[in-house]
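Student: I should like to understand the terms used for this structure. May we take them one at a time?

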Amino acid sequence: MNNSDILFLYDAKLTNPNGDIDEENRPRMDYERSVNLVSDVRLKRYLRDYFEQIGKEIFVGKVDGETVNATERIKRLFGKFDGKVNVNKLSKEQQDWMLDQLIDVRLFGATMPLKSEDKGSSMTFIGPIQFNWGYSLNKVTLVESASITSQFGSDDKNDGGNIGKDYRVYYSFLAFHGIVSGHRATHTRLAEDDVRLLDQAMVKAIPLSATRSKVGQYPRLYMRVEYTSPEFVAGDLRDLISLTETEGLRSISEVELRIDALVNRLLEINDEIAHVYYWQDSNLLLSYEGQKGQLADLLPNDVAGKLVSVL
């Protein structure tokens, strides 16, 4: 498997992209720059939930609706294995079987702390696919009014309802960067089909995971630039894009994304590129050298010929 760089853009309108439990669940922010932040853990949760929805086994999640520890999770998984298993002393064959069942471990890795009667053990798999934290390309402000009321009292004597906090952003246009490591893929048994499924999950997961605090988030652009070897990466593709306007945005209709530096970089490294897997929402307006439109129409032929739609 070869390396890839991932660029993923989505927006959040009147919602809370990633609440900070240390700050009353306020959206995570860099207040000095008015930049909205989203952790890689939040993004991976969306993806894991999607995999589970389509019937894939995951390690990090509930089992039959229960929260269990790592040891119990592995024991229940090996209930499907043909043969006797000691989860604290898994053979290479048994580890391979386990990895073949758990798509999130093949993608993102995991540390599995296992308990036993004498002493514990652990298995650690470094994930070949990693994301750093996402951040907004625009300046983000929080909705001024955050108080909400409930019709239910907190106890039998309180019949007036409760007052709580509901923090949201007006509008955040968020960008993530990720990498696929060809070298590490071997250690978790990551397959090409797994990466293709990740491509689809990146586009589908967030809208399908909408809750009250998360509805209003939609993917806008996904690109996975696959290289011709496991020895090359271009770096953080977010450094090569920018918004024409960064203040006062309230919807996707007000967004225009400049991709001049990104396209020029793709042209510069074109010989290193095997394919560009992509998806774009038709509502996102891109601009390159003064021209505006969709990615497939703006890219020069040398790069456009390598585009592969993920849906």
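Tutor: We begin with residue classes: Ala, Val, Leu, Ile, Met, Phe, Trp, Tyr, Cys and Pro count as nonpolar, Asp, Glu, Lys and Arg as charged, and the others, Gly among them, as polar. Please keep in mind that the model is predicted.

Student: What is the class make-up of the lining of the largest pocket?

Tutor: The lining residues are Glu52, Lys56, Glu57, Ile58, Gly61, Lys62, Val63, Asp64, Arg73, Arg76, Leu77 and Lys80. Set against the classes, they divide into three nonpolar, one polar and eight charged residues. The volume of this pocket is about 190 Å³, and helix H2 (residues 70–77) gives the largest share of the lining, three residues.

Student: What makes an empty space a cavity and not a pocket?

Tutor: A cavity is a set of points where a 1.4 Å probe fits but cannot get out, whereas a pocket is an open set. One cavity of 30 Å³ or more is found in the structure, and the largest cavity holds about 30 Å³ of space. Its lining consists of Met1, Asn2, Ser4, Val180, Glu192, Val195, Arg224 and Glu226. Helix H6 and strand S13 (217–227) are the elements that give two or more residues to this lining. By class, the lining of the largest cavity has three nonpolar, two polar and three charged residues.

Student: Why is helix H1 called roughly perpendicular to helix H6?

Tutor: Helix H1 (residues 40–53) and helix H6 (residues 192–208) pack at an angle of about 100°, and their axes are 8 Å apart. Angles of 65 to 115 degrees count as roughly perpendicular, so H1 is described as roughly perpendicular to H6.

Student: Which residues bring H1 and H6 together?

Tutor: From H1 come Leu43, Tyr46, Leu47, Tyr50, Phe51 and Gln53, which meet Leu197, Leu198, Ala201, Met202, Lys204, Ala205, Ile206 and Leu208 of H6. The contact of H1 with H6 comprises twelve nonpolar, one polar and one charged residues.

Student: How do you know that strands S17 and S18 pair?

Tutor: Two strands pair if there are at least two bridges between them. Strand S17 (residues 285–288) and S18 have three bridges, in the antiparallel sense, so by that cut-off they pair. Serine 287 has lysine 292 in S18 as its bridge partner.

Student: What makes S14 and S18 edge strands?

Tutor: The open sheet has four strands in the order S14-S15-S17-S18, with mixed pairing. Strand S14 (242–243) and strand S18 (291–293) each pair on one side only, and they are the edge strands. Helix H7 (residues 260–268) packs on the sheet, where H7 touches strand S15 (256–258) and S17; the direction of H7 makes about 60° with that of S17.

Student: How many bridges join S4 to S5?

Tutor: Strand S4 (residues 29–30) and strand S5 (residues 35–38) run antiparallel and are joined by two bridges. At least two are required, so S4 and S5 pair. They form a hairpin with four residues between them. Methionine 29 has asparagine 36 in S5 as its bridge partner. S5 is also joined by two bridges to strand S9 (residues 134–136), again antiparallel.

Student: What makes the phi of glutamate 24 worth noting?

Tutor: Most residues other than glycine have a negative phi. Glutamate 24, a residue other than glycine, has a positive phi near 55°. Asparagine 25, also not a glycine, has a positive phi of about 65°. Glutamate 24 lies in the loop between strand S2 (19–20) and strand S3 (26–27), and asparagine 25 lies in the loop between S2 and S3.

Methods: Residues are numbered from 1 along each chain as its sequence is written. This is a predicted model: local features need pLDDT of at least 70, side-chain atom pairs count only at pLDDT 80 or more; totals for chains, interfaces and linings use all residues. Side-chain values use heavy atoms; hydrogens and water are left out. On a 1 Å grid over the protein atoms alone, a cavity is a set of points where a 1.4 Å probe fits but cannot get out, and a pocket is an open set with protein on both sides within 12 Å along at least five of seven lines; lining residues have an atom within 4 Å of a point. Grid points are joined across faces, edges and corners, and a volume is the space filled by probe spheres set on the points. Axes are lines fitted to C-alpha atoms, for helices over the stretch in contact, and angles run from 0 to 180 degrees between N-to-C directions. Angles under 35 degrees count as roughly parallel, over 145 as roughly antiparallel, 65 to 115 as roughly perpendicular and the rest as oblique. Contact means heavy atoms within 4.5 Å.
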